[in-house]
Amino acid sequence: ADMLQLGADDPVCGHVYNRFTTEYWGTIYGSKFDTKTNAEGMSLTCNKCVLMHGKKSVKVKIVGMCEGCGENAFEVSKTVLQALTGKASNPDGVDDIPWEFVDCEAKV
């Protein structure tokens, strides 16, 4: 990811996710967020996973689209940010975090 920043408390993909949760979640930039929907009306990108690599590699569940994010940018929970950077917060975001889509059931 070119930019990684702490996500907002937004209702996405059928749930409201709190940025300070201990869960590993994130929102993905618009061009990677699928506009096709399932029977429940949610994007096909909802609940897919990406593997992000930093100080640790972490599997992150995609819970929505990052509105206002630039190309190749994500918003993530505090738990993800801390695992990737070793810091509890980073107001300027983090640059150059490698990532890829992965099977949510795969071991990390």
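This is a short dialogue on reading aromatic pairs, strand pairing and backbone angles in a predicted model.

Q: How many aromatic pairs are there, and what describes a pair of aromatic rings?

A: Happy to start there. A pair of aromatic rings is described by two quantities, the distance of the centres and the angle of the planes. In this predicted model, the count comes to four aromatic pairs. Take tyrosine 29 and phenylalanine 74: their ring centres are 6.0 Å apart and their planes stand at 85°, so this pair is edge-to-face. An angle over 60 degrees is what earns that label.

Q: Which parts of the chain does the pair of tyrosine 29 and phenylalanine 74 tie together?

A: Look at the strands that hold the two residues. Tyrosine 29 belongs to strand 4 (residues 25–29) and phenylalanine 74 to strand 7 (residues 73–76), so the pair ties together parts that lie 45 residues apart in sequence. Both tyrosine 29 and phenylalanine 74 are buried.

Q: What is the geometry of the rings of tyrosine 29 and tryptophan 99?

A: Read this pair in the same two steps. The centres of the tyrosine 29 and tryptophan 99 rings are 6.4 Å apart, with the planes at 80°, so this pair is edge-to-face. It links distant parts of the chain, with tyrosine 29 in strand 4 and tryptophan 99 in strand 8 (residues 99–102), 70 residues apart. Ring pairs link Tyr29, Phe74, Trp99 and Phe101 into a cluster.

Q: Are tyrosine 29 and tryptophan 99 buried or exposed?

A: The cut-off to keep in mind is 20% relative accessible area, since buried means under that value. Tyrosine 29 has 4% relative accessibility and so counts as buried. Tryptophan 99, at 19%, is buried as well.

Q: How many residues of strand 4 are buried, and which strands pair with strand 4?

A: In a regular strand the side chains alternate between the two faces of the sheet. Here, five of the five residues of strand 4 are buried, so strand 4 is largely enclosed by the rest of the structure. Strand 4 runs parallel to strand 6, joined by five bridges, while its pairing with strand 7 is antiparallel, over three bridges. Threonine 27 shows both contacts nicely: it stands opposite glycine 64 in strand 6 and opposite glutamate 75 in strand 7.

Q: Where are asparagine 47 and asparagine 72 found?

A: Both are in loops, and their phi angles deserve a look. Asparagine 47 sits between strand 4 and strand 5 (49–53); its phi is near 70°, a positive value in a residue other than glycine. With a relative accessible area of 30%, asparagine 47 is partly exposed. Asparagine 72 is in the loop between strand 6 (57–66) and strand 7, and has a positive phi of about 65° although it is not a glycine.

Note on methods:
Residues are numbered from 1 along each chain as its sequence is written. Side-chain values use heavy atoms; hydrogens and water are left out. Rings of Phe, Tyr and Trp (its six-membered ring) pair if their centres lie within 6.5 Å; planes under 30 degrees apart count as stacked, over 60 as edge-to-face and the rest as tilted. Helices (H or I, at least four residues) and strands (E, at least two) are DSSP runs, numbered from the N terminus. Buried means under 20% relative accessible area, exposed over 50%, partly exposed in between (1.4 Å probe, protein chains only). Two strands pair if DSSP finds at least two bridges between them.
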